[in-house]
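The following paragraphs lead the reader through one protein model, from its strand pairing to its metal site and its chain ends. Please keep the sequence and the coordinates at hand while reading.

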Amino acid sequence: MGIRQVREIGDEVLEKQCKTVTKMTLRTRILIEDMLDTMYERNGVGLAAPQVGILKRIVVIDVGEGPIVLVNPEIIETSGEQTGEEGCLSVPGKYGIVTRPNYVKVRAQDVDMQEFEIEGEGLLARAFCHEIDHLSGKLYVELAEDGLHDPSEEEDDEFDEYGEDEE
Ligand code: ZN
């Protein structure tokens with residue numbers, strides 16, 4: 001079990017292009033295990049290698065249906081559209097409204113470097129797009145249509161609205 005430090009927005013490692021994984025080594029297997037441990041520990045639905053400071057094209061995802069490991073993922077098909085809330089472990093305590101395809105098909109390799117395809121809709125499609133964007137140094141904040149929101153501040157606003165001190 002290895003929990004790694006999650007890099008946060010402003011760290012330049014999050015803005016770099018990741019390198020293709022050419023062979024699976026023990027070191028890379030340990031990285032993948034640690035990425036899964038870190039994602040679960042932080043209650044995330046996905047994590048990309050640059051978020052733990054490693055510039056390799058590796059993503060892990062779990063939207064509640066079990067772990068998915070994507071090595072060298074590429075989006076090969078998309079359709080539809082969804083607009084909804086999106087957050088990121090590298091942008092703690094914030095969320096934004098982002099439009100993504102509602103259906104995404106991905107071609108990737110597994111931990112044994114075997115090629116496979118996987119498709120997802122809704123949250124899984126969103127996770128594919130978000131995590132694969134990380135591999136090109138892109139954060140969802142560039143796509144957030146209405147800036148970034150802080151849920152705790154919004155709760156405070158609501159409280160004030162109904163507070164007795166209001167004039
Ligand atoms: Zn993210």
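Which residue in strand 6 is the bridge partner of V71? The partner is Q109. This pair belongs to the junction of strand 3 (residues 68-79) with strand 6 (residues 103-109), two strands that run antiparallel and are joined by six bridges. The model discussed here is predicted, and each value below was computed from its atoms.

The wider setting of that junction is an open sheet of five strands, ordered 1-2-3-6-7 and paired in the antiparallel sense. Strand 1 (46-48) and strand 7 (115-121) form its edges, each pairing on one side only. From one strand to the next, the twist averages 40 degrees. In general, the strands of a sheet pair through backbone hydrogen bonds, in either a parallel or an antiparallel manner.

Two helices pack on this sheet. Helix 1 (residues 26-41) touches strand 1, strand 2 (58-61) and strand 3, and its direction makes about 35 degrees with that of strand 2. Helix 2 (residues 123-134) also packs on the sheet, with contacts to strand 1, strand 2, strand 3, strand 6 and strand 7. The direction of helix 2 makes about 125 degrees with that of strand 7.

Strand 4 and strand 5 call for separate treatment. Strand 4 (residues 82-86) and strand 5 (residues 95-100) pair antiparallel over five bridges, and within this pairing Q82 has R100 of strand 5 as its bridge partner. Strand 5 also pairs with strand 8 (residues 148-149), again in the antiparallel sense, over two bridges. There, the bridge partner of G96 is L148 in strand 8.

With these elements placed, the order along the chain can be read as a whole. The protein chain has three helices and eight strands, and from the N terminus on they follow the pattern α-β-β-β-β-β-β-β-α-β-α. Among contacts between residues at least 6 apart in sequence, 66% join residues at least 24 apart. The C-alpha atoms fill a box of roughly 65 × 35 × 30 Å along the principal axes.

Helix 2 leads to the metal site. Which residues coordinate the zinc ion? The donors are C88 through SG, H130 through NE2 and H134 through NE2, at 2.0 to 2.3 Å. Along the chain these donors follow the spacing C-x41-H-x3-H. Both histidines, H130 and H134, lie in helix 2, four residues apart, about one turn of the helix. H130 and H134 are both buried.

One of these histidines also appears in the surroundings of A48, a residue of strand 1. Leaving aside residues up to four places away in sequence, A48 touches M35, I58, V59, E131, H134 and L135. Is A48 buried or exposed? It counts as buried because its relative accessibility is 0%. The C-alpha atom of A48 is separated by 17 Å from that of I118, which stands 70 residues away along the chain.

Two residues have a positive phi although neither is a glycine: N72, at about 55 degrees, and M113, at about 65 degrees. N72 is found in strand 3, whereas M113 is placed in the loop between strand 6 and strand 7. N72 counts as buried because its relative accessibility is 10%. M113 has a relative accessible area of 18% and is therefore buried as well.

Over the whole protein chain, buried residues make up 44% of the 167 residues. The chain exposes about 9,400 Å², of which carbon and sulfur atoms supply 44%.

How far, finally, does the confidence of the prediction extend? The average pLDDT of the protein chain is 93, and 92% of the residues score at least 70. Residues 160-167 stay under 50, and for this segment the model has two contacts beyond four places in sequence. Where pLDDT is low, predicted coordinates should not be read in detail.

Terms used: Residues numbered from 1 in each chain as written. Predicted model: local features only at pLDDT ≥ 70, side-chain atom pairs only at ≥ 80, totals over all residues. Heavy atoms only, no water. Pairing = 2+ DSSP bridges. Axes fitted to C-alpha atoms, helices over the stretch in contact; angles between N-to-C directions. Contact = heavy atoms within 4.5 Å. Donors = N, O, S within 2.8 Å, 3.2 Å for Na, K, Ca; no water. Buried < 20%, exposed > 50% of the residue type's maximum accessible area, 1.4 Å probe, protein only. Areas by Shrake-Rupley, 256 points an atom, 1.4 Å probe, with all protein chains shown as cover. pLDDT = per-residue confidence, 0-100.
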